[in-house]
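I opened this structure to see how its parts hold together. These are my notes, in the order I looked things up.

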Amino acid sequence: MYIMRNVLLSVGLILFLFNSVQAQEIDRVQAQAIDRGQLLYENHCVNCHTTDIHQRGNRKVNSLNDLSKMVIRFQHHLKLGWNVNDVGQVTRYLNQKFYQIPGLP
């Protein structure tokens with residue numbers, strides 16, 4: 001009985017530590033995506049407009065789908081050739097910084 005209890009406690013501790021490390025890794029990856037999204041945005045988008053466009057009263061972005069489509073439209077217009085990850089990272093950055101639309105981690 002004593003051995004079984006120790007085994008269960010050990011397994012529980014291992015699972016707790018694993019989940020903690022996994023959560024930290026997810027946070028790190030998300031932070032990197034936002035950093036890359038910010039870099040892409042600042043290097044390509046603010047040349048044509050200021051960040052005020054994201055805070056105007058008649059906002060054209062009301063969902064994550066709208067935001068992603070807007071990023072795709074403008075990167076295509078500028079012939080940037082961004083891949084799906086680039087679009088996702090810029091979308092994630094813009095959402096975190098300006099829109100706060102629920103749905104993205």
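**Entry 1: the salt bridge**

I began with charged side chains and found that R36 and D86 meet in a salt bridge, with 2.8 Å from N to O. The model I am reading is a predicted one. I counted 1 salt bridge by the rule I used. R36 sits in helix α1 and D86 in helix α3, so this pair ties together parts that are 50 residues apart in sequence.

I then looked up how covered the two partners are. R36 has a relative accessibility of 37%, so I put it down as partly exposed. D86 has a relative accessible area of 9%, so I noted it as buried.

I asked which side chain joins R36 in a polar contact of 3.2 Å. I found that the side chain of Q89 does so. Q89 belongs to helix α3. I read a relative accessible area of 16% for Q89, which means that it is buried.

**Entry 2: the outline of the chain**

I stepped back to the whole chain. I found 3 helices and 0 strands, and reading along the sequence I wrote down the pattern α-α-α. The chain has 105 residues, of which 24% count as buried.

I also looked up the exposed area. The chain exposes about 7,800 Å², and I noted that carbon and sulfur atoms supply 60% of that area.

For contacts I took those with a separation of 6 or more. I found that residues 24 or more positions apart account for 63% of them.

**Entry 3: the nonpolar core**

Next I looked at the largest nonpolar core, which has 16 residues. I listed the members that touch the most other members: V61, V71, W82, V90, L94 and Y99. I noted that α1 (2-44), α2 (64-77) and α3 (84-99) each supply at least two residues of this core. Which helix gives the most to the core? I found that α3 does, with 6 residues.

I picked V90 for a closer look. Leaving out residues up to four places away in sequence, I found that V90 touches G37, L40, Y41, V71 and W82.

I then went to V61, which lies in the loop between α1 and α2. Is V61 buried or exposed? V61 has a relative accessible area of 5%, so I recorded it as buried. With residues up to four places away in sequence again left out, V61 touches D66, L67, M70, Y99 and I101. V61 and I101 are 40 residues apart along the chain, and I read 9.5 Å between their C-alpha atoms.

**Entry 4: along helix α3**

I came back to α3 and listed its buried residues: D86, V87, Q89, V90, T91, Y93, L94, N95, F98 and Y99. D86 and Q89 from my first entry are in that list, and so is V90 from the core.

At the start of α3 I looked at N83. A side-chain oxygen of N83 reaches to within 2.9 Å of the backbone nitrogen of N85.

I then checked N95, which is placed in helix α3. I read a relative accessible area of 6% for N95, so I entered it as buried. What does the side chain of N95 have 2.7 Å from one of its polar atoms? I found the backbone nitrogen of I101 there. I101 had already come up as a residue that V61 touches.

**Entry 5: positive phi angles**

Last, I looked up residues other than glycine with a positive phi. K79 is not a glycine, yet I read a positive phi of about 55° for it. I placed K79 in the loop between α2 and α3. K79 has 73% relative accessibility, so it counts as exposed.

I found a positive phi at Q100 too, near 50°. Where does Q100 lie? I located Q100 in the segment after α3. Q100 has 51% relative accessibility, and the cut-off for exposed is over 50%. Therefore I entered Q100 as exposed.

Conventions: Residues numbered from 1 in each chain as written. Predicted model: local features only at pLDDT ≥ 70, side-chain atom pairs only at ≥ 80, totals over all residues. Heavy atoms only, no water. Core = buried A, V, L, I, M, F, W, Y, C linked by side-chain atoms within 4.5 Å. Buried < 20%, exposed > 50% of the residue type's maximum accessible area, 1.4 Å probe, protein only. Helix = DSSP H or I, 4+ residues; strand = E, 2+ residues; numbered from the N terminus. Contact = heavy atoms within 4.5 Å. Polar contact = N/O pair within 3.5 Å; in protein donor to acceptor, adjacent residues only side chain to side chain. Areas by Shrake-Rupley, 256 points an atom, 1.4 Å probe, with all protein chains shown as cover. Salt bridge = Lys/Arg side-chain N within 4 Å of Asp/Glu carboxyl O.
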